[in-house]
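This report introduces a single protein chain to a reader who has not met it before. Please keep the sequence and the three-dimensional view at hand while reading.

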Amino acid sequence: MKHLVRIAFIFILGVICMACGTMKRSSNNLPFSSLNGEWLVQEMNGNRIDAGEQTPYLNFDMEQGTVSGYAGCNRLSGKVEYSQLQNNILKFMQMVTTRMACMDMSIEDEFLKTIDKVVRFDSPDTSAPVRTIDLYGIDGSKILVLQKK
């Protein structure tokens, strides 16, 4: 009986180890200063954003805890909240925009809804300098891909 329990335990441990190997890699534990500077939106909710006049961008100043940028029609600004205790946790707070009307507000509308869902960041880059940042929603899905300008 003990032998069967041992075999079952080893089998379950093996399954768990294999599952861990197929999961997404863990966070790079990037310093928040990696976000400083201007970032163009390359992808939003799985859709590529073509560079052009309406391409949103974000400009982070992590020392001041602020973000500014362009949403596709209007300028935006706000606060960036992050926790030094929890790696790569990020939240946009008190976001405000100018109130100009444009012919096509679809990119801006989606962008503003999307950045409101951001809870964490990571980068696929394995060495400095960081050139690409992925922003994730609460469900763990990648919702924005930003590239350093």
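The following paragraphs treat the overall fold, a run of paired strands, the disulfide, the salt bridges and the aromatic pairs.

**Overall fold**

The model is predicted. The chain has 149 residues, and 34% of them are buried. Its secondary structure consists of two helices and nine strands. Along the sequence these elements follow the order α-β-β-β-β-β-β-α-β-β-β. Of the contacts between residues at least 6 apart in sequence, 48% join residues at least 24 apart. The exposed area of the chain is about 9500 Å², of which carbon and sulfur atoms supply 58%.

**Strands β4, β5 and β6**

Strand β4 covers residues 66-70 and strand β5 covers residues 75-82; the two run antiparallel and are joined by five bridges. Within this pairing, Val67 has Gly78 of β5 as its bridge partner. Four residues lie between the strands of this hairpin, and Gly72 there adopts a positive phi near 125°.

Strand β5 also pairs with strand β6, which spans residues 90-97; this pairing is antiparallel and comprises six bridges. Here Glu81 stands opposite Lys91 in β6. Strand β5 thus appears in both pairings, with β4 and with β6.

**The disulfide**

In general terms, a disulfide is a covalent bond between the sulfur atoms of two cysteines. The count for this model is one disulfide. Which cysteines does the disulfide join? The partners are Cys73 and Cys102, with an S to S distance of 1.8 Å. The bond connects distant parts of the chain: Cys73 belongs to the loop between β4 and β5, Cys102 to the loop between β6 and α2 (106-115), and the two are 29 residues apart. The torsion about the S-S bond of Cys73 and Cys102 is about 80°, and the disulfide is therefore right-handed.

The surroundings of the two cysteines can be stated in terms of accessibility. Cys73 has a relative accessibility of 4% and therefore counts as buried. Cys102 has a relative accessible area of 31%, so this residue is partly exposed.

**Salt bridges**

How many salt bridges does a search of the whole structure find? The search finds two. They are set out below.

| Residues | N to O distance |
|---|---|
| Glu38 and Lys149 | 2.9 Å |
| Asp122 and Arg120 | 3.9 Å |

The salt bridge of Glu38 and Lys149 links distant parts of the chain, with Glu38 in strand β1 (residues 37-44) and Lys149 in the segment after β9 (142-148), 111 residues apart. Glu38 counts as partly exposed because its relative accessibility is 22%. Lys149 has a relative accessible area of 60%, so this residue is exposed.

In the salt bridge between Asp122 and Arg120, is the aspartate, Asp122, buried or exposed? Asp122 is buried, because its relative accessibility of 4% falls under the 20% limit. Its partner Arg120 is partly exposed, with a relative accessible area of 26%.

**Aromatic pairs**

The structure holds four aromatic pairs. One of them is formed by Phe32 and Phe121, whose rings are tilted, with 5.6 Å centre to centre and 55° between the planes. Phe32 lies in the loop between α1 (2-22) and β1, while Phe121 lies in strand β7 (residues 118-122), so the pair ties together parts that are 89 residues apart in sequence. Phe32 and Phe121 are both buried.

Another of the pairs is formed by Tyr57 and Tyr70, which are stacked at 6.1 Å centre to centre with 25° between the planes. This pair also links distant parts of the chain: Tyr57 is in strand β3 (residues 57-61) and Tyr70 is in strand β4, 13 residues apart. Both tyrosines, Tyr57 and Tyr70, are buried.

Which residues form one aromatic cluster? The members are Phe32, Tyr82 and Phe121.

**Links across the sequence**

Several of the features described above connect separate parts of the chain. Among them are the disulfide of Cys73 and Cys102, 29 residues apart, and the salt bridge of Glu38 and Lys149, 111 residues apart. The aromatic pair of Phe32 and Phe121 likewise ties together parts that are 89 residues apart.

Methods
Residues are numbered from 1 along each chain as its sequence is written. This is a predicted model: local features need pLDDT of at least 70, side-chain atom pairs count only at pLDDT 80 or more; totals for chains, interfaces and linings use all residues. Side-chain values use heavy atoms; hydrogens and water are left out. Two strands pair if DSSP finds at least two bridges between them. A disulfide is a pair of cysteine sulfur atoms within 2.5 Å. Buried means under 20% relative accessible area, exposed over 50%, partly exposed in between (1.4 Å probe, protein chains only). Contact means heavy atoms within 4.5 Å. Accessible areas come from the Shrake-Rupley method with a 1.4 Å probe; for residues, only the protein chains shown count as cover. A salt bridge is a side-chain nitrogen of Lys or Arg within 4 Å of a carboxyl oxygen of Asp or Glu. Rings of Phe, Tyr and Trp (its six-membered ring) pair if their centres lie within 6.5 Å; planes under 30 degrees apart count as stacked, over 60 as edge-to-face and the rest as tilted.
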